[in-house]
Amino acid sequence: MSTTTSSQRRFVLTRDDKPIAIAALFIVVILIAGSIYTLARYGTMPLPPYIHTTLRDRERYQTVYASNGGSAAAPTAGLHFTPEILGVLRAKGIETASVTLDVGLDTFRPIQGDPADHRMHGERCSINEATARKIASCEGRIIAVGTTTARTLESFAVGERQVSVGEMTTTIF
């Protein structure tokens, strides 16, 4: 993978000399010491096109249940949850379980031309043993909050209320 830049701080990521992503307004740092620190300090949070205001607080664009870095964007369907809301749900006997899907930069790439020809790269996702057990033992409804959760569950599904455990790259979009 190579990176080229122009004077407007636009970055074109390529694989096999073919463009795979164009990103503006944030710094891409690949495989150098301190890259996470550099991104956190100097980078600008990539936001979906439907968020029109400048992000002043990076923590505001993050779910309260996030635990690992690696995603290019927050799963926006879960942004409305607060610790208080999750506490009320638990008090009513509603259980939660976690999955991981690292949203890729392709999320921000507009579809051009025929949607059937639009290709996106895979996204890393995982399900742990505890989540798989909760899904298997659930007797009520299972509600996936957002498309990232739904894609992860669909990618690991092996039967009714059965998911495999592990990590993979999903190409379900």
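**Burial, sheet and core in the predicted model**

Of the 173 residues of the chain, 26% count as buried. The model is a predicted one. The accessible surface of the chain amounts to about 12000 Å², and carbon and sulfur atoms account for 55% of that area. Among contacts between residues at least 6 apart in sequence, 43% link residues at least 24 apart.

Four helices and eight strands were assigned to the chain. Their succession along the sequence is β-β-β-α-α-β-β-α-α-β-β-β.

Three of the strands form an open sheet in the order β4-β5-β8, and the pairing is antiparallel. The edges are taken by β4 (99–101) and β8 (166–170); each has a single partner strand, so one side of each lacks a neighbour in the sheet. On average, and with direction ignored, neighbouring strands of this sheet are turned by 20° against each other. Strands of a sheet pair through backbone hydrogen bonds, in either a parallel or an antiparallel arrangement.

The antiparallel pairing of β4 with β5 comprises three bridges. Here Thr100 has Ser126 of β5 as its bridge partner. Between β5 and β8, also antiparallel, there are five bridges. Arg124 is placed opposite Thr169 of β8, and Cys125 is placed opposite Met168 of β8. Four of the five residues of β5 are buried, so this strand is largely enclosed by the rest of the structure. One buried residue is Cys125, with a relative accessibility of 0%.

The largest nonpolar core contains ten residues, namely Ala73, Leu101, Val103, Cys125, Ile127, Ala132, Ile135, Leu153, Phe156 and Val163. Two or more residues of this core come from each of β5 (123–127), α3 (129–137) and α4 (147–156). With neighbours within four places in sequence left aside, Val163 is in contact with Ile127, Ala132, Ile135, Leu153, Phe156, Ala157 and Val158.

Helix α4 lies across β4, β5 and β8 and runs at about 70° to β5. Thr148 is located in this helix. The relative accessibility of Thr148 is 12%, which is under the 20% limit, so the residue counts as buried. Outside its neighbours within four places in sequence, Thr148 is in contact with Pro75, Leu101 and Val103. Leu101 and Val103 are also listed among the residues of the largest nonpolar core.

Arg161 is located in the loop between β6 (157–159) and β7 (162–163). Its phi angle is near 55°, a positive value in a residue other than glycine. At 31% relative accessibility, Arg161 falls between the limits of 20% and 50% and therefore counts as partly exposed.

A disulfide is a covalent bond between the sulfur atoms of two cysteines. A search of the whole structure returned zero disulfides. Cys125 and Cys138 were examined for burial. Cys125 is buried, at 0% relative accessibility, whereas Cys138 is partly exposed, at 23%.

Key: Residues are numbered from 1 along each chain as its sequence is written. This is a predicted model: local features need pLDDT of at least 70, side-chain atom pairs count only at pLDDT 80 or more; totals for chains, interfaces and linings use all residues. Side-chain values use heavy atoms; hydrogens and water are left out. Buried means under 20% relative accessible area, exposed over 50%, partly exposed in between (1.4 Å probe, protein chains only). Contact means heavy atoms within 4.5 Å. Accessible areas come from the Shrake-Rupley method with a 1.4 Å probe; for residues, only the protein chains shown count as cover. A nonpolar core is a set of buried Ala, Val, Leu, Ile, Met, Phe, Trp, Tyr and Cys residues joined through side-chain atoms within 4.5 Å. Two strands pair if DSSP finds at least two bridges between them. Axes are lines fitted to C-alpha atoms, for helices over the stretch in contact, and angles run from 0 to 180 degrees between N-to-C directions. A disulfide is a pair of cysteine sulfur atoms within 2.5 Å.
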